[in-house]
Amino acid sequence: MSTTPAATVRADRADAFALVRTQSATMPTGMRAIAKAVLANPKDSANGSAADLASRADVSAATVSRFARHLGFASYAELQRSMTRAVERGIHDHGEIHAGVGVDDDVATVIAKVTEDVRAVMTDTRAALDPASLEQAAAAVQHARRVVMYGVGASGIVARDLHLKLERIGIASSIADDPHNALTLASVIDERDVVVLVSHSGTTTEVLDVAAEAERHGSTVVAITGHRGTALTRAADHVLLGVAGAESDLRPAAMGSRMSQLAIVDTLFIVVAQRTDDRSRPLLARSRAAVRTHHRS
(Lines give C-alpha, C1' and ligand atoms only; values in the text may rest on other atoms or scores of the structure.)
Protein backbone atom coordinates (compact mmCIF):
# COMPACT_ATOMS: atom_id res chain seq x y z
CA MET A 1 0.00 0.00 0.00
CA SER A 2 1.37 3.39 -0.94
CA THR A 3 1.82 6.27 1.42
CA THR A 4 0.53 9.73 0.53
CA PRO A 5 2.90 10.99 -2.16
CA ALA A 6 4.40 14.43 -2.32
CA ALA A 7 2.50 16.76 -4.62
CA THR A 8 3.49 16.38 -8.23
CA VAL A 9 4.55 19.70 -9.71
CA ARG A 10 2.72 20.24 -12.99
CA ALA A 11 4.40 23.57 -13.73
CA ASP A 12 5.40 22.47 -17.22
CA ARG A 13 1.88 21.60 -18.35
CA ALA A 14 -0.99 24.02 -19.01
CA ASP A 15 -3.63 21.60 -17.82
CA ALA A 16 -5.15 23.25 -14.78
CA PHE A 17 -8.69 23.75 -16.05
CA ALA A 18 -8.92 20.22 -17.41
CA LEU A 19 -7.83 18.89 -14.03
CA VAL A 20 -10.45 21.03 -12.28
CA ARG A 21 -13.17 19.76 -14.63
CA THR A 22 -12.26 16.11 -14.28
CA GLN A 23 -11.64 15.99 -10.54
CA SER A 24 -14.33 18.26 -9.13
CA ALA A 25 -17.05 15.60 -8.87
CA THR A 26 -15.29 13.73 -6.06
CA MET A 27 -13.93 16.74 -4.18
CA PRO A 28 -15.19 17.74 -0.72
CA THR A 29 -17.88 20.43 -0.69
CA GLY A 30 -15.52 23.37 -0.14
CA MET A 31 -13.22 22.31 -2.97
CA ARG A 32 -16.19 21.80 -5.30
CA ALA A 33 -17.17 25.41 -4.62
CA ILE A 34 -13.66 26.49 -5.64
CA ALA A 35 -13.83 24.38 -8.79
CA LYS A 36 -17.15 25.98 -9.72
CA ALA A 37 -15.70 29.46 -9.19
CA VAL A 38 -12.61 28.63 -11.27
CA LEU A 39 -14.59 27.28 -14.21
CA ALA A 40 -17.16 30.09 -14.06
CA ASN A 41 -14.42 32.74 -14.40
CA PRO A 42 -11.19 31.21 -15.77
CA LYS A 43 -9.51 34.54 -16.53
CA ASP A 44 -10.32 36.00 -13.11
CA SER A 45 -8.96 32.84 -11.49
CA ALA A 46 -5.75 33.03 -13.51
CA ASN A 47 -5.17 36.68 -12.73
CA GLY A 48 -6.45 36.88 -9.16
CA SER A 49 -4.91 35.87 -5.86
CA ALA A 50 -5.71 32.91 -3.65
CA ALA A 51 -7.59 35.29 -1.36
CA ASP A 52 -9.72 36.51 -4.29
CA LEU A 53 -10.59 32.95 -5.24
CA ALA A 54 -11.38 32.05 -1.64
CA SER A 55 -13.72 35.02 -1.42
CA ARG A 56 -15.56 34.13 -4.65
CA ALA A 57 -15.98 30.52 -3.50
CA ASP A 58 -16.82 31.53 0.09
CA VAL A 59 -14.12 29.28 1.56
CA SER A 60 -10.93 29.82 3.53
CA ALA A 61 -7.53 30.51 1.99
CA ALA A 62 -6.33 27.22 3.50
CA THR A 63 -8.99 25.37 1.50
CA VAL A 64 -7.68 26.99 -1.69
CA SER A 65 -4.19 25.71 -0.85
CA ARG A 66 -5.55 22.20 -0.27
CA PHE A 67 -7.45 22.47 -3.55
CA ALA A 68 -4.20 23.12 -5.44
CA ARG A 69 -2.45 20.19 -3.76
CA HIS A 70 -5.44 17.92 -4.44
CA LEU A 71 -4.97 18.63 -8.15
CA GLY A 72 -1.30 17.66 -7.92
CA PHE A 73 0.32 21.11 -7.70
CA ALA A 74 2.94 21.89 -5.10
CA SER A 75 1.26 25.20 -4.22
CA TYR A 76 -1.45 27.60 -5.31
CA ALA A 77 1.21 29.63 -7.11
CA GLU A 78 1.98 26.62 -9.33
CA LEU A 79 -1.72 26.12 -10.04
CA GLN A 80 -2.12 29.80 -10.90
CA ARG A 81 0.82 29.73 -13.30
CA SER A 82 -0.75 26.76 -15.08
CA MET A 83 -4.09 28.56 -15.32
CA THR A 84 -2.36 31.66 -16.67
CA ARG A 85 -0.63 29.68 -19.42
CA ALA A 86 -3.92 28.00 -20.34
CA VAL A 87 -5.63 31.38 -20.70
CA GLU A 88 -2.72 32.76 -22.73
CA ARG A 89 -2.92 29.77 -25.08
CA GLY A 90 -6.70 29.98 -25.32
CA ILE A 91 -7.24 26.42 -24.08
CA HIS A 92 -9.29 27.32 -21.01
CA ASP A 93 -12.64 27.09 -22.80
CA HIS A 94 -13.88 23.54 -23.09
CA GLY A 95 -16.32 24.28 -25.92
CA GLU A 96 -18.73 21.47 -25.06
CA ILE A 97 -21.41 20.88 -27.70
CA HIS A 98 -22.55 17.68 -26.05
CA ALA A 99 -25.26 18.53 -23.58
CA GLY A 100 -26.04 14.85 -24.06
CA VAL A 101 -27.26 12.86 -27.02
CA GLY A 102 -31.01 13.27 -27.25
CA VAL A 103 -33.49 10.69 -28.42
CA ASP A 104 -34.57 13.02 -31.25
CA ASP A 105 -31.07 13.91 -32.47
CA ASP A 106 -30.44 13.08 -36.13
CA VAL A 107 -27.51 10.86 -37.10
CA ALA A 108 -25.24 13.78 -38.01
CA THR A 109 -25.80 15.36 -34.60
CA VAL A 110 -25.13 12.07 -32.81
CA ILE A 111 -21.85 11.73 -34.73
CA ALA A 112 -20.88 15.30 -33.86
CA LYS A 113 -21.71 14.95 -30.17
CA VAL A 114 -20.03 11.58 -29.68
CA THR A 115 -16.85 12.50 -31.54
CA GLU A 116 -16.63 15.85 -29.76
CA ASP A 117 -16.97 14.06 -26.45
CA VAL A 118 -14.18 11.65 -27.41
CA ARG A 119 -11.97 14.61 -28.35
CA ALA A 120 -12.68 16.29 -25.03
CA VAL A 121 -12.02 13.04 -23.14
CA MET A 122 -8.65 12.63 -24.86
CA THR A 123 -7.69 16.24 -24.10
CA ASP A 124 -8.61 15.86 -20.45
CA THR A 125 -6.92 12.45 -20.20
CA ARG A 126 -3.69 14.04 -21.41
CA ALA A 127 -4.07 16.62 -18.65
CA ALA A 128 -4.96 14.18 -15.89
CA LEU A 129 -2.39 11.47 -16.63
CA ASP A 130 0.84 12.21 -14.76
CA PRO A 131 4.02 11.28 -16.70
CA ALA A 132 5.97 10.39 -13.55
CA SER A 133 3.24 7.99 -12.40
CA LEU A 134 3.08 6.40 -15.83
CA GLU A 135 6.84 5.95 -15.94
CA GLN A 136 6.86 4.30 -12.52
CA ALA A 137 4.00 1.98 -13.46
CA ALA A 138 5.75 1.04 -16.72
CA ALA A 139 8.94 0.19 -14.82
CA ALA A 140 6.98 -2.02 -12.43
CA VAL A 141 5.34 -3.87 -15.34
CA GLN A 142 8.63 -4.16 -17.21
CA HIS A 143 10.40 -5.85 -14.32
CA ALA A 144 7.48 -7.94 -13.04
CA ARG A 145 7.72 -11.71 -12.97
CA ARG A 146 4.01 -11.76 -13.79
CA VAL A 147 1.28 -9.17 -14.36
CA VAL A 148 -2.32 -9.88 -13.32
CA MET A 149 -5.15 -7.73 -14.68
CA TYR A 150 -8.74 -7.31 -13.53
CA GLY A 151 -11.70 -5.03 -14.06
CA VAL A 152 -15.48 -5.33 -13.92
CA GLY A 153 -17.84 -4.57 -16.80
CA ALA A 154 -16.46 -2.04 -19.30
CA SER A 155 -13.28 -1.83 -17.23
CA GLY A 156 -12.80 -5.55 -17.76
CA ILE A 157 -12.64 -4.94 -21.51
CA VAL A 158 -9.81 -2.49 -20.92
CA ALA A 159 -7.98 -4.93 -18.65
CA ARG A 160 -8.21 -7.63 -21.33
CA ASP A 161 -6.86 -5.22 -23.94
CA LEU A 162 -3.74 -4.63 -21.85
CA HIS A 163 -3.37 -8.38 -21.23
CA LEU A 164 -3.38 -9.11 -24.96
CA LYS A 165 -0.87 -6.35 -25.65
CA LEU A 166 1.60 -7.49 -22.99
CA GLU A 167 1.42 -11.08 -24.22
CA ARG A 168 2.61 -9.91 -27.64
CA ILE A 169 5.87 -8.57 -26.21
CA GLY A 170 6.65 -11.57 -24.05
CA ILE A 171 5.53 -10.27 -20.66
CA ALA A 172 3.83 -13.01 -18.65
CA SER A 173 0.31 -11.83 -17.92
CA SER A 174 -3.02 -13.18 -16.71
CA ILE A 175 -6.53 -11.81 -16.99
CA ALA A 176 -9.17 -12.67 -14.38
CA ASP A 177 -12.63 -13.39 -15.74
CA ASP A 178 -14.62 -13.25 -12.51
CA PRO A 179 -14.18 -12.19 -8.86
CA HIS A 180 -13.28 -15.68 -7.62
CA ASN A 181 -10.68 -16.10 -10.35
CA ALA A 182 -9.29 -12.63 -9.60
CA LEU A 183 -8.94 -13.37 -5.88
CA THR A 184 -7.32 -16.72 -6.65
CA LEU A 185 -4.73 -15.09 -8.90
CA ALA A 186 -4.07 -12.35 -6.34
CA SER A 187 -3.53 -14.96 -3.63
CA VAL A 188 -0.70 -16.77 -5.44
CA ILE A 189 1.49 -13.80 -6.36
CA ASP A 190 4.05 -11.90 -4.31
CA GLU A 191 6.40 -8.92 -4.27
CA ARG A 192 7.85 -9.93 -7.64
CA ASP A 193 4.48 -9.45 -9.35
CA VAL A 194 2.20 -6.60 -10.42
CA VAL A 195 -1.59 -6.33 -10.32
CA VAL A 196 -3.24 -3.85 -12.70
CA LEU A 197 -6.76 -2.96 -11.55
CA VAL A 198 -9.15 -0.96 -13.72
CA SER A 199 -12.07 0.86 -12.12
CA HIS A 200 -13.25 4.32 -13.14
CA SER A 201 -15.09 4.91 -9.86
CA GLY A 202 -12.33 3.44 -7.71
CA THR A 203 -15.03 2.02 -5.45
CA THR A 204 -15.94 -1.29 -7.16
CA THR A 205 -16.14 -3.86 -4.36
CA GLU A 206 -14.72 -6.78 -6.35
CA VAL A 207 -11.72 -4.71 -7.45
CA LEU A 208 -11.07 -3.48 -3.92
CA ASP A 209 -11.12 -7.06 -2.62
CA VAL A 210 -8.46 -8.02 -5.17
CA ALA A 211 -6.36 -4.97 -4.23
CA ALA A 212 -6.49 -5.99 -0.57
CA GLU A 213 -5.50 -9.58 -1.38
CA ALA A 214 -2.58 -8.43 -3.54
CA GLU A 215 -1.46 -6.05 -0.81
CA ARG A 216 -1.40 -8.88 1.72
CA HIS A 217 1.15 -10.69 -0.43
CA GLY A 218 3.33 -7.67 -1.15
CA SER A 219 2.44 -7.30 -4.84
CA THR A 220 2.70 -3.94 -6.57
CA VAL A 221 -0.74 -2.50 -7.36
CA VAL A 222 -1.31 -0.25 -10.38
CA ALA A 223 -4.71 1.47 -10.52
CA ILE A 224 -6.25 2.83 -13.71
CA THR A 225 -9.07 4.97 -12.36
CA GLY A 226 -10.92 8.25 -12.76
CA HIS A 227 -10.97 9.65 -9.25
CA ARG A 228 -8.45 10.65 -6.62
CA GLY A 229 -8.94 9.96 -2.95
CA THR A 230 -10.85 6.69 -3.36
CA ALA A 231 -10.26 3.37 -1.63
CA LEU A 232 -8.55 2.06 -4.77
CA THR A 233 -6.08 4.95 -5.03
CA ARG A 234 -5.24 4.56 -1.35
CA ALA A 235 -4.46 0.88 -1.92
CA ALA A 236 -2.42 1.45 -5.08
CA ASP A 237 1.31 1.98 -5.41
CA HIS A 238 0.89 3.74 -8.75
CA VAL A 239 -2.21 5.62 -9.93
CA LEU A 240 -2.92 6.30 -13.61
CA LEU A 241 -5.70 8.85 -13.67
CA GLY A 242 -8.25 9.01 -16.48
CA VAL A 243 -11.55 10.82 -17.00
CA ALA A 244 -15.13 10.23 -18.11
CA GLY A 245 -17.02 12.05 -20.83
CA ALA A 246 -20.43 13.68 -20.84
CA GLU A 247 -23.15 11.39 -19.53
CA SER A 248 -26.73 11.12 -20.77
CA ASP A 249 -29.51 8.53 -20.76
CA LEU A 250 -28.27 7.22 -24.11
CA ARG A 251 -24.55 7.56 -23.39
CA PRO A 252 -23.45 6.16 -20.03
CA ALA A 253 -20.28 7.55 -18.46
CA ALA A 254 -18.68 4.14 -18.97
CA MET A 255 -18.39 4.93 -22.68
CA GLY A 256 -16.23 7.97 -22.04
CA SER A 257 -14.21 6.40 -19.24
CA ARG A 258 -13.49 3.37 -21.44
CA MET A 259 -11.99 5.61 -24.14
CA SER A 260 -9.83 7.31 -21.53
CA GLN A 261 -8.73 4.00 -20.01
CA LEU A 262 -7.84 2.57 -23.42
CA ALA A 263 -5.67 5.60 -24.14
CA ILE A 264 -3.90 5.05 -20.81
CA VAL A 265 -3.41 1.35 -21.59
CA ASP A 266 -1.98 2.16 -25.03
CA THR A 267 0.41 4.69 -23.52
CA LEU A 268 1.49 2.30 -20.77
CA PHE A 269 2.07 -0.47 -23.29
CA ILE A 270 4.14 1.75 -25.59
CA VAL A 271 6.37 2.93 -22.75
CA VAL A 272 6.94 -0.69 -21.65
CA ALA A 273 7.65 -1.70 -25.26
CA GLN A 274 10.16 1.15 -25.59
CA ARG A 275 12.02 -0.05 -22.53
CA THR A 276 12.10 -3.65 -23.74
CA ASP A 277 12.72 -2.82 -27.40
CA ASP A 278 15.37 -5.49 -28.02
CA ARG A 279 12.83 -8.16 -27.09
CA SER A 280 9.57 -6.42 -28.01
CA ARG A 281 10.30 -5.47 -31.60
CA PRO A 282 11.14 -9.02 -32.82
CA LEU A 283 8.17 -10.48 -30.94
CA LEU A 284 5.76 -7.95 -32.43
CA ALA A 285 7.09 -8.78 -35.89
CA ARG A 286 6.66 -12.50 -35.23
CA SER A 287 3.09 -12.06 -33.99
CA ARG A 288 2.17 -10.00 -37.05
CA ALA A 289 3.67 -12.64 -39.32
CA ALA A 290 1.84 -15.45 -37.50
CA VAL A 291 -1.62 -14.03 -38.29
CA ARG A 292 -0.83 -12.61 -41.73
CA THR A 293 -2.17 -15.66 -43.56
CA HIS A 294 -5.54 -15.15 -41.87
CA HIS A 295 -6.10 -11.84 -43.68
CA ARG A 296 -7.64 -12.02 -47.14
CA SER A 297 -6.66 -9.43 -49.74
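The legends below describe an overall view and several close-up views of a predicted model of a protein chain.

The model is a prediction, in which local features need pLDDT of at least 70 and side-chain atom pairs count only at pLDDT 80 or more, while totals for chains, interfaces and linings use all residues. Residues are numbered from 1 along each chain as its sequence is written, and side-chain values use heavy atoms, with hydrogens and water left out.

**Figure 1. Overall view of the protein chain, with 14 helices and 5 strands.** Helices (H or I, at least four residues) and strands (E, at least two) are DSSP runs, numbered from the N terminus. Of the 297 residues, 46% count as buried, where buried means under 20% relative accessible area, exposed over 50%, and partly exposed in between (1.4 Å probe, protein chains only). The accessible surface comes to about 14400 Å², of which 53% belongs to carbon and sulfur atoms; such areas come from the Shrake-Rupley method with a 1.4 Å probe, and for residues only the protein chains shown count as cover. Among contacts (heavy atoms within 4.5 Å) with a separation of 6 or more, 71% are accounted for by residues 24 or more positions apart. The average pLDDT, the predictor's confidence in each residue from 0 to 100, is 86, and 87% of the residues score at least 70. Over residues 1–14, however, pLDDT stays under 50, and the model has 45 contacts beyond four places in sequence for this stretch.

**Figure 2. Close-up of helix 2 (residues 29–40) and its buried side.** The end C-alpha atoms of this helix of 12 residues are 17 Å apart, which agrees with the 16 Å that it should span at 1.5 Å a residue, the expected span being 1.5 Å times one less than the number of residues. M31, I34, A35, A37 and V38 are buried in helix 2. They cover an arc of only 165° around the axis, which puts them on the same side of the helix; the arc is that of the directions from the helix axis to the C-beta atoms. An α-helix has 3.6 residues a turn, so residues three or four places apart point the same way. The buried residues of helix 2 pack against helix 1 (16–23), helix 3 (42–47), helix 4 (50–57), helix 5 (61–70) and helix 6 (76–89), whereas the exposed residues T29, K36 and A40 are carried on the face turned away from the buried side.

**Figure 3. Close-up of D58, in the loop between helix 4 and helix 5.** Although D58 is not a glycine, its phi is positive, at about 60°. Most residues other than glycine have a negative phi. With a relative accessible area of 71%, D58 is exposed.

**Figure 4. Close-up of the largest nonpolar core, which has 30 residues.** A nonpolar core is a set of buried Ala, Val, Leu, Ile, Met, Phe, Trp, Tyr and Cys residues joined through side-chain atoms within 4.5 Å. V147, L166 and L240 have the most contacts inside this core. Two or more residues each are given to this core by helix 8 (131–143), strand 1 (147–151), helix 9 (154–168), strand 3 (194–199), strand 4 (220–225) and helix 13 (253–275), and the largest share, 7 residues, comes from helix 13. A second, separate core of 27 residues includes M27, V38, A57 and L79.

**Figure 5. Close-up of helix 9 and L166, one of its buried residues.** For the 15 residues of helix 9, the end C-alpha atoms are 22 Å apart, in agreement with the 21 Å that the helix should span at 1.5 Å a residue. Its buried residues are S155, G156, V158, A159, L162, H163, K165 and L166. Leaving aside neighbours within four places in sequence, L166 is in contact with V141, V147, M149, I171, S173 and F269. Just after helix 9, G170 takes a positive phi of about 80°.

**Figure 6. Close-up of S133 in helix 8.** The relative accessibility of S133 is 17%, and the residue therefore counts as buried. Beyond its neighbours within four places in sequence, S133 is in contact with H238, V239 and L240.

**Figure 7. Close-up of R192, in the loop between helix 10 (179–187) and strand 3.** R192 is partly exposed, with a relative accessible area of 45%. Apart from neighbours within four places in sequence, R192 is in contact with A144, R145 and R146. The C-alpha atoms of R192 and H143 are separated by 8.2 Å, although these residues are 49 residues apart along the chain.
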